[in-house]
Amino acid sequence: MATVAKKKAGRPAGSKTQKLETIKVIPPTCKKCGSAEKEVLHTKPIGVVLLDGREFSLRKRRVRCLACGQCRFEDEFKPVVKSTA
Ligand SMILES: [Zn+2]
């Protein structure tokens, strides 16, 4: 019976810990009261943008502020993550 070698998880042996850059995401806030709490009313996909060979999805959202009830539009620009399954 042939045994299947299980691939070891984690980084390869001997490789050093890398110092990776971190990003800070600033959530969009209400122009009227400054709150970031919101309720998404509608999401409309606009399309996919190619930037430096990577795909980014562009979506427009209609949201309502939970603090004061003011409605606004938000744009979402996110990298497209493709599942490898
Ligand atoms: Zn508000």
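These questions and answers cover the fold of a predicted model.

Biologist: How many helices and strands does the secondary structure of the protein come to?
Modeller: From the N terminus on, the elements run β-β-β. The secondary structure comes to zero helices and three strands.

Biologist: What is the order of the strands in the open sheet?
Modeller: The sheet is open and holds three strands. Their pairing is antiparallel. The order is β1-β2-β3.

Biologist: Which strands stand at the edges, and why is one side of each left without a neighbour?
Modeller: Each edge strand has a single partner strand, so one side has no neighbour in the sheet. From one strand to the next, the twist averages 20°. The edge strands are β1 (38-51) and β3 (71-79).

Biologist: How many bridges join β2 to β3?
Modeller: Strand β2 covers residues 54-65. It runs antiparallel to β3. The bridges joining them number nine.

Biologist: Which residue in β3 is the bridge partner of Val63?
Modeller: Strands of a sheet pair through backbone hydrogen bonds. For Val63, the bridge partner lies in β3. That partner is Arg72.

Biologist: Is the protein spread out or a compact globule, and what is its radius of gyration?
Modeller: For 85 residues the globule rule gives 12 Å. The protein's value is well over that, so the protein is more spread out than a compact globule. Along its principal axes the C-alpha trace spans about 65 × 30 × 30 Å. The radius of gyration is 21 Å.

Biologist: What percentage of the residues is buried?
Modeller: A buried residue has 20 or more other C-beta atoms within 10 Å of its own. Of the 85 residues in the protein, the buried ones make up 4%.

Definitions and conventions
Residues are numbered from 1 along each chain as its sequence is written. This is a predicted model: local features need pLDDT of at least 70, side-chain atom pairs count only at pLDDT 80 or more; totals for chains, interfaces and linings use all residues. Two strands pair if DSSP finds at least two bridges between them. Helices (H or I, at least four residues) and strands (E, at least two) are DSSP runs, numbered from the N terminus. Axes are lines fitted to C-alpha atoms, for helices over the stretch in contact, and angles run from 0 to 180 degrees between N-to-C directions. The radius of gyration is taken over C-alpha atoms; the globule rule is 2.2 Å times the number of residues to the power 0.38. A residue is buried if 20 or more other C-beta atoms lie within 10 Å of its own, exposed if 12 or fewer, and partly exposed in between; C-beta atoms are placed from the backbone.
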